[in-house]
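Biologist: I am new to this one. Could you show it to me, and may I ask about it piece by piece?

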There are 2 protein chains.
Amino acid sequence: MGEKPNLLVTSSHVKGRFDELTTYTKVYWLDELDDKGLDRLLPSIDSILVQTLWPDSLTPERISKMARLRFIQSGWAGANHIPFKHLGKRVMVSSNAGGFSVGVAEFAISLLLAAAKRVVRLDNAMRSGEFGQADWERFAREVVQLRGRTTLGILGYGGIGRAVGSLGRALGMNLIAFSRHPSTESDVRMFHGGEGLLRVLAKSDAIVIALPLSKLTVGLIGPKEFAAMKSDAVLVNVARAEIVDEEALYKHLLKHPRFTYATDVWQIKRGKETYTSKFPLVKLPNFIGTPHVAGGSSALTGDPGKMAAENLMRYLRGEAPQNVVDPSEYI
Amino acid sequence: MGEKPNLLVTSSHVKGRFDELTTYTKVYWLDELDDKGLDRLLPSIDSILVQTLWPDSLTPERISKMARLRFIQSGWAGANHIPFKHLGKRVMVSSNAGGFSVGVAEFAISLLLAAAKRVVRLDNAMRSGEFGQADWERFAREVVQLRGRTTLGILGYGGIGRAVGSLGRALGMNLIAFSRHPSTESDVRMFHGGEGLLRVLAKSDAIVIALPLSKLTVGLIGPKEFAAMKSDAVLVNVARAEIVDEEALYKHLLKHPRFTYATDVWQIKRGKETYTSKFPLVKLPNFIGTPHVAGGSSALTGDPGKMAAENLMRYLRGEAPQNVVDPSEYI
C-alpha cells in the first residue's frame, strides 16, 4: 500500500491518459480487480475517479468499508449518479462541470436549430412523400428567422449554459437566463427563483435546459411551467431527462402541435439510460430525440478526461478542487 | 400612360409593401391584368419586379413586344430564372443577392449541424425503434466536435457565403472559401479556379454551396469534385440544385455511407421546383432534404422585398442599381 494514497479508477478503458496521476497517487483500475482484490483494497482507497455512471460493484456495503475515502471525482458533467446518501460526511465530491461544455453546447444549438427551422420535420415529410406544394406556405411560415427577432432562455448558466449563450449570441438572439448566480455578461439578463423561472419561460422563443439534476431541479419543468411557455416555443434538454415532468411534457406536446421538445437525454432506470419513455413521445411529430451523444464528441477529444484528472490532482496536491458539489442538494 | 414610367410587378400578393415605388413609377400588378390588358400594356413597360419565378404568362412573344423595357429586378437572390436569351441588349437585370442572407445562412448552418451532429439520423433511429445500446459508441464517434477541429469550406463568398462564414467562425471552425473575388477578412483563405475548388473540397469537413446558378456553375460539383472530398464530409446546398450533378451525388452517397448531403433546393422543371429527384435520394439515410424554406423566414420579415424595392428605386432615380448580373454568364 506504500506511502502514496490509493486512487480507484472505474474503468481501464482510457488507461494511459492518466499517467500524470501516478506522481501523486497509486492507481488501481476497478475492472482489473476481482472481488477479492477489490475487497482487500477498499480500506485503503483515498479517492475515486468515476468515469461514467457509478458502477454496480461499488455497493453501499463496499462503500461503508472505504474508511479512508475522502474525494470522488465525477468524469461526467453531472454528479447526480453519485450515491451521496451512502457516503461519509468527510467525502468531498467534484463534478466535471465545464469538461463537456463545447460539445454539449454545439449539440444543444444543433437541436435548437433542427427544431426551430423544422429540419427534422421537413426531412421526414420529404422522406415519406407526404410533402406537397400546397404545404409549402404553412411550413415556410413556421421557419422563423432567429437574428434580431427571437429570445433564447438558458436554464442554468454554468459552463454549458454560457457556451450555449455564446452561440445564441452569434446567432443574433436576445439572451436571458435562469440562474442563482449573478451574470458577469452585460447582455444577459438573469432571473432566479420560481417566479424568475416562469418569466424566463414566458419570454423565450427557445429554451435550453443546462441545469444539474439535483433535488432542487428534479421535475422542475411541470404543468405550470409548460403553461407559461409560448405555444410555438422550442424546448431543448441536454441536461437530464428527470428535470422535465414526462407526463406534463407529453400532454403539452399533444395540445400544442407547434411546440417542439428536442432532447438528448432520457430517464435513467436501474443504472441505465433507457432511450425510451412510458409515454409514446417518439411517435409525435413535434418531438426530436437523440441517444445522449452530445458529450460524446467532447469525450473523444480527451479534454473532459484531462479536466477531471487535473481537478483530481488539485485535491492530491492539497489544493482546493473545483466544482465541489453540495451533498444536501442531492440527498 | 402619363409621364411616369410603368412598372409591372408579377404578384399583387404583397401589395401595400411597395407604396414608396409610386413616387417614381406607375405600378401595374400582373395578376390583376387580363390578357387584353396585359397585351395593351406591354409596349409601355419600363421595368419589371419578379417576385418569385419568372411567370409563364410573360412568354418570349410578349417579351419581344416590350420595346421600352430597360430593367428587371429579381425578388429572389438568384437570377437564373430570368429568360436572358429573350431579352434585348438594353435590358439590365439585378439579382436580390443579400436580401435573404440572414435566413438562408441560418438555415445552411441548421442543415450543417443536423448532418454533422447526426440529429436527423439519430432521431430517425429513435423514432423507428432501431436504436440499441450497442449502437451508441458507433454513433457517438460520428458526432464530431466542430470547435478547433474542423474546416468549413464555403463555395461562393457573397452575401449568403459571408453570413455562413460568420456563423461558422462563431462555431470555432477554420474558414476557407472558393470565390473569384479576393477576401477582405483576414481569417478566410480564398481559392479560385478549378484547382482552387478541388483544394477547398479536399480540406473541408463541411462544405456549404452558396454560389449563383449560371452557366459557370451548372453541374460544377461532379464526379471529380466528389472524389476530392473527405469520405465523411458534410455537403450543404442552399443555392440551386442544378449546381450538383445528381447522378454523381447519388453514386457518391451510396459508396460513402458516412458522407452526408443536406439540401434545401431541388431541380426546377417546367417552371416548378420538383421536390423530387430521378434518383431515390430521399430513401438514403445519409441524405437530408427540406423543401426550399431557407429564404422563407427572411421573406416573411419583409426585408428582401424592401431591398428589392430599394434597388428598383435606385434605377428609377437614375442611380446605378446594385447586383447587376452579367447576362453572358446565363445565356
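Biologist: Which strands of chain A does H6(A) lie across, and at what angle does it run to S7(A)?

Modeller: This is a predicted model, where local features need pLDDT of at least 70, side-chain atom pairs count only at pLDDT 80 or more, and totals for chains, interfaces and linings use all residues. Residues are numbered from 1 along each chain as its sequence is written, with chains lettered from A and ligands numbered from 1 in the order in which they are written. Helices (H or I, at least four residues) and strands (E, at least two) are DSSP runs numbered from the N terminus. H6(A) lies across S6, S7, S8 and S9 of chain A, and its angle to S7(A), between N-to-C directions of lines fitted to C-alpha atoms (for helices over the stretch in contact; scale 0 to 180 degrees), is about 165 degrees.

Biologist: Is the crossover from S6(A) to S7(A) right-handed or left-handed?

Modeller: S6(A), residues 151–155, pairs with S7(A) in the parallel sense over five bridges; pairing takes at least two DSSP bridges. Thr151(A) has Asn174(A) as its bridge partner in S7(A). The chain passes through H6(A), residues 159–170, on its way from S6(A) to S7(A). With the strands pointing away from the viewer, a clockwise path from the first strand over the helix to the second counts as right-handed, and this β-α-β crossover is right-handed.

Biologist: Why is S7(A) largely enclosed by the rest of the structure?

Modeller: Burial means 20 or more other C-beta atoms, placed from the backbone, within 10 Å of a residue's own; 12 or fewer is exposed, in between partly exposed. S7(A) spans residues 174–178, and it is largely enclosed because the buried residues number four of the five.

Biologist: Which strands stand at the edges of the sheet in chain A?

Modeller: Seven strands form this open sheet, in the order S8-S7-S6-S9-S10-S11-S14, with parallel pairing. Each edge strand has a single partner strand, so one side is left without a neighbour in the sheet; the two are S8 and S14 of chain A.

Biologist: What is the average twist from one strand to the next in the sheet of chain B?

Modeller: Five strands of chain B make an open sheet with parallel pairing, ordered S2-S1-S3-S4-S5. From one strand to the next, the twist averages 20 degrees.

Biologist: Which element gives the most to the side of chain A that touches chain B?

Modeller: Contact means C-beta atoms, placed from the backbone, within 7 Å. By that test, 41 residues of chain A are in contact with 41 residues of chain B. With nine residues, the element that gives the most to this side of chain A is H3(A).

Notes. Two residues are in contact if their C-beta atoms, placed from the backbone, lie within 7 Å.
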